[in-house]
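Please walk through this protein with me, one part at a time. Keep the sequence and the 3D view side by side as you read.

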Amino acid sequence: MATRQLTAAIIAVLMSWQSAESLRLNPTRATATGADSKSPARAAGERPPIYCNRAVNLGRMEATGFDMDHTLAQYKAAPFDALAYNGAIAKLVELGYPQEILAFRSDITRYQRGLVIDRARGNILKMDRHKYVKVAHHGLSEMGAEERKELYDRQRPSFNPPDFANIDTAFLLVDVCLYCQLVDLKDASPELLPHRSYAQLYSDVRRAVDLCHCDGVIKDPVMADPAKYIDADPEMAGMLDRIRSAGQRPFLVTNSAWEYTEAVMSFLLGADAAAFGHADWTGFFDVIIVGARKPAFLLDANLPIFRVRPDGALLNLENAEFSSPASVTKVLAAGKIFQGGTYNHLHKLVGLSSFDRLLYVGTLFFSFFLMMMKLIALLVYYELLPAPRCKSHACSARPFESSAPVSGFRLLAHAPLIAGTTCIRIYTHM
């Protein structure tokens with residue numbers, strides 16, 4: 001039963017609101033909200049036709065929730081990535097890296113999710129679902145076929161951590177870009193990076209980018225000027241209101257802290273709150289969970305849950321009762337904003353009658369699915385692709401796009417979802 005509940009909490013639909021970052025091979029970064037310029041024009045207020053290749057009865061859902069980062073909050077790629085990239089370079093200089101790296105320029109559009117870093121050799125790999133390395137670069141230079149086959153075909157490494165690192169989220173594209181530049185610098189001028197192996201370069205980059213996410217280098221500018229880094233969606237408020245009108249309980253589950261969530265969601269929904277009868281953006285949701293620590297939120301049933309007070313302080317709910325609808329009502333009466341917890345807390349807070357009646361819309365974390373493969377025999381997940389990868393009612397996949405982003409999954413179907421705007425891929429665990 002625990003596995004089935006876990007599946008329900010994350011499987012129903014895991015995809016981004018509007019268009020998510022897709023698996024890319026060509027050096028073209030899709031914009032978060034850009035529609036196909038060749039799409040037929042629609043009259044104002046006209047809803048686009050919807051196509052799908054798997055039926056989900058939304059009428060059975062009792063709660064529908066969303067992630068925030070890269071889901072409700074669609075970041076503008078260039079300015080947002082620049083915060084992490086430039087901040088990481090500054091921190092590497094503080095760690096003793098040479099001043100020459102200050103001349104580096106971001107070129108994140110060269111890379112895509114689904115790549116693998118060979119930390120020991122300084123190589124970047126693109127594999128298919130059979131773990132066959134189709135393309136390999138050493139730093140910024142493509143490797144020859146014979147060298148690539150000798151290293152990764154004839155020897156057949158495991159491609160597992162710690163020797164290999166998966167580029168499985170949009171946040172890690174900064175890492176791979178900066179790492180490749182450092183590998184090239186080390187090869188060209190080894191005296192500038194003495195005693196630093198390729199593996200150490202990656203560890204230092206990962207540490208530097210992580211620090212940027214923790215110390216305000218990224219989040220402070222976003223909170224100060226959200227419009228510069230986030231695309232607003234004028235239809236979001238109406239969408240959330242329709243979910244509640246349909247009898248479902250809307251909720252938000254994000255890994256971001258309360259202060260950052262408050263700033264971002266106020267930008268996205270604050271101006272529309274009064275028109276829908278709410279005092280502020282929180283009125284659009286029945287339950288709000290920040291600092292969720294996904295994927296641990298979905299994997300560890302023993303994590304503590306806290307209440308977030310109006311001043312941002314936390315109250316431990318260790319002794320709170322969640323055993324009955326009456327006790328949950330009492331908990332929610334004191335406030336609906338929480339930090340941490342687990343999927344069990346979420347199920348009880350939204351009052352599910354059955355574990356399979358929860359729909360969660362969020363960005364794909366491939367590393368999470370790799371962990372889930374150990375627990376679930378059959379797993380299906382979804383990925384949205386931006387236009388123009390769908391043309392009218394037929395999909396035209398580009399070279400190698402039929403392979404799954406992670407080993408162990410195969411492409412089950414590929415079809416339009418919203419004509420001219422997005423299409424959907426369905427993968428299944430092999």
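What follows is a tour of the sheet, some helices and a few unusual spots in the backbone.

Keep in mind that this is a predicted model. Begin with the sheet. It is open and has seven strands. Their order is S12-S11-S13-S10-S9-S1-S14, and the pairing is mixed. Which strands stand at the edges? They are S12, residues 314-316, and S14. Each has a single partner strand, so one side of each is left without a neighbour in the sheet. From one strand to the next, the twist averages 25°.

Now look at strand S1, residues 63-66. In the sheet order, S1 sits between S9 and S14. Take S9 to begin with. This strand covers residues 249-253. S1 and S9 run parallel, joined by four bridges. Find Ala-63, and you will see Arg-249 of S9 opposite. Then turn to S14, residues 358-361. Four bridges join S14 to S1, and this pair runs parallel too. Here Thr-64 has Leu-359 as its bridge partner.

Are the residues of S1 buried or exposed? Ala-63 and Gly-65 point to one side, and both are buried. Thr-64 and Phe-66 are on the other side, and they are buried as well. Both faces of S1 are therefore covered, since a residue counts as buried when its relative accessible area is under 20%.

Move from S1 through S9 to strand S10, which spans residues 287-290. S9 and S10 pair in the parallel sense over three bridges. In this pair, Val-253 has Ile-289 of S10 as its bridge partner.

Next come helices that pack on these strands. Helix H8, residues 236-245, lies across S1 and S9. H8 runs at about 160° to S1. Its buried residues are Met-236, Ala-237, Gly-238, Met-239, Leu-240 and Ile-243. What covers them? The cover includes S1, S9 and helix H9, residues 258-269. After H8 comes Gly-247, with a positive phi near 90°.

Helix H11 covers residues 325-333. Four of its residues, Ser-327, Val-328, Val-331 and Leu-332, are buried. Why do they end up on the same side of H11? They cover an arc of only 140° around the axis, which puts them there. The other side of H11 holds Ala-326, Thr-329, Lys-330 and Ala-333, which are exposed. The buried residues have several packing partners. These are S9, S10, strand S11 (305-308), strand S13 (337-340) and helix H12 (343-349). Just after H11, Gly-335 has a positive phi of about 145°.

Now consider a pair of helices. Two packed helices are described by the angle between their axes and the distance between the axes. Take helix H2, residues 77-94, and helix H4, residues 173-188. Their axes come within 10 Å and cross at roughly 45°. H2 and H4 are therefore oblique to each other. The crossing of H2 past H4 is right-handed. Which residues meet here? From H2 come Asp-81, Ala-84, Tyr-85, Ala-88, Ile-89 and Leu-92. From H4 come Val-174, Cys-177, Leu-178, Gln-181 and Leu-182.

Stay with Ala-84 for a moment. The C-alpha atoms of Ala-84 and Leu-211 are 9.3 Å apart, although 127 residues separate them along the chain. Leu-211 belongs to helix H5, residues 198-214. Its relative accessible area is 36%, so Leu-211 is partly exposed.

Finally, look for unusual backbone. Most residues other than glycine have a negative phi, and most peptide bonds are trans. His-70 is not a glycine, yet its phi is positive, about 65°. Find His-70 in the loop between S1 and strand S2 (74-75). At 16% relative accessibility, His-70 counts as buried.

Arg-156 also has a positive phi, near 50°. Its place is the loop between H3 and S7. With a relative accessible area of 39%, Arg-156 is partly exposed. Pro-162 is found in the loop between helix H3 (145-154) and strand S7 (164-167). A cis peptide bond joins Pro-162 to Pro-161, with omega about 5°.

Terms used:
Residues numbered from 1 in each chain as written. Predicted model: local features only at pLDDT ≥ 70, side-chain atom pairs only at ≥ 80, totals over all residues. Heavy atoms only, no water. Buried < 20%, exposed > 50% of the residue type's maximum accessible area, 1.4 Å probe, protein only. Helix = DSSP H or I, 4+ residues; strand = E, 2+ residues; numbered from the N terminus. Pairing = 2+ DSSP bridges. Axes fitted to C-alpha atoms, helices over the stretch in contact; angles between N-to-C directions. Contact = heavy atoms within 4.5 Å. Arc of directions from axis to C-beta. Parallel < 35°, antiparallel > 145°, perpendicular 65-115°, else oblique. Left-handed = near helix turned anticlockwise from the far one by under 90°.
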